[in-house]
Amino acid sequence: IFNSDTYKEKMRREFKDSGIGIVAMLYRSNYLVIVDGGRNPRFPPNKVMLRDDASSKIIAELEFRSDVLNV
């Protein structure tokens with residue numbers, strides 16, 4: 001996560017057990033919208049996960065009929 005005002009890294013997370021296909025931060029909150037991807041996805045590509053990064057927990061899941069291409 002970067003702060004674009006002074007463009008410096010604020011935080012870094014390593015996801016060693018699964019890949020990340022798409023990630024977006026909701027405004028300036030601690031919520032991340034994640035779609036798994038890469039070589040070892042933990043969830044199917046048609047699921048969107050809402051993660052509270054402060055508690056490191058998935059707080060919501062959205063499942064669609066087709067693969068998620070963008071958030």
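Here are some questions and answers about this predicted model.

Residues are numbered from 1 along each chain as its sequence is written. Since this is a predicted model, local features need pLDDT of at least 70 and side-chain atom pairs count only at pLDDT 80 or more, while totals for chains, interfaces and linings use all residues, and side-chain values use heavy atoms, with hydrogens and water left out.

Q: What pattern does the chain follow, read along the sequence?
A: Helices (H or I, at least four residues) and strands (E, at least two) are DSSP runs, numbered from the N terminus. On that count the chain has zero helices and six strands. Read along the sequence, that gives β-β-β-β-β-β.

Q: What percentage of the residues in the chain is buried?
A: Buried means under 20% relative accessible area, exposed over 50%, and partly exposed in between, with a 1.4 Å probe and protein chains only. The chain has 71 residues, and the buried share is 27%.

Q: How much area does the chain expose?
A: Accessible areas come from the Shrake-Rupley method with a 1.4 Å probe, and for residues only the protein chains shown count as cover. Carbon and sulfur atoms supply 50% of what the chain exposes. The figure for the chain is about 5700 Å².

Q: Which residues make up the largest nonpolar core?
A: A nonpolar core is a set of buried Ala, Val, Leu, Ile, Met, Phe, Trp, Tyr and Cys residues joined through side-chain atoms within 4.5 Å. The largest one here has five residues. They are Ile22, Val33, Val35, Val48 and Val68.

Q: Which residues does Val33 contact, leaving aside its neighbours within four places in sequence?
A: Contact means heavy atoms within 4.5 Å. Val33 belongs to the largest nonpolar core. Its contacts, with those sequence neighbours left aside, are Ile22, Val23, Ala24, Leu26, Val48, Met49, Leu50 and Val71.

Q: Which residues form a nonpolar patch on the surface?
A: Patches are made of residues with over 30% relative accessible area and no salt bridge; like charges are joined within 9 Å, and nonpolar side chains (Val, Leu, Ile, Met, Phe, Trp, Tyr) within 5 Å. One member, Leu26, sits in the loop between strand S3 (19-25) and strand S4 (31-37), and it counts as partly exposed at 32% relative accessibility. The patch has about 440 Å² of accessible area together, and its members are Leu26, Tyr27, Tyr31 and Ile59.

Q: Which residue forms a salt bridge with Glu61?
A: A salt bridge is a side-chain nitrogen of Lys or Arg within 4 Å of a carboxyl oxygen of Asp or Glu, and the structure holds two. Glu61's has its closest N and O atoms 3.0 Å apart, and the partner is Lys47. Glu61 lies in strand S6 and Lys47 in strand S5, so the pair ties together parts that are 14 residues apart in sequence. Glu61 is partly exposed at 45% relative accessibility, while the buried partner, with a relative accessible area of 16%, is Lys47.

Q: Which residues is Glu61 in contact with, leaving aside its neighbours within four places in sequence?
A: Glu61 is in strand S6 (residues 57-63). For a sense of place, Glu61 and Ile34 are 27 residues apart in sequence and 9.7 Å apart in space, C-alpha to C-alpha. The contacts of Glu61, those neighbours left aside, are Lys47, Val48 and Met49.

Q: Which residue meets Arg51 in a salt bridge?
A: Arg51 sits in strand S5 (residues 47-52) and counts as buried at 10% relative accessibility. The partner counts as buried too, at 4% relative accessibility. The N to O distance is 3.2 Å, and the partner is Asp53.

Q: Which backbone nitrogen does the side chain of Asp36 reach?
A: Asp36 lies in strand S4 and is buried, with a relative accessible area of 8%. Its side chain gets to a backbone nitrogen at 3.0 Å, and that nitrogen belongs to Phe43.

Q: What is the phi of Ser56?
A: Most residues other than glycine have a negative phi. Ser56 is found in the loop between S5 and S6, where it is partly exposed, with a relative accessible area of 42%. Although Ser56 is not a glycine, its phi is positive, at about 55°.

Methods
A polar contact is a pair of N or O atoms within 3.5 Å; within protein, one must be able to donate a hydrogen and the other to accept it, and residues adjacent in sequence count only if both atoms are side-chain atoms.
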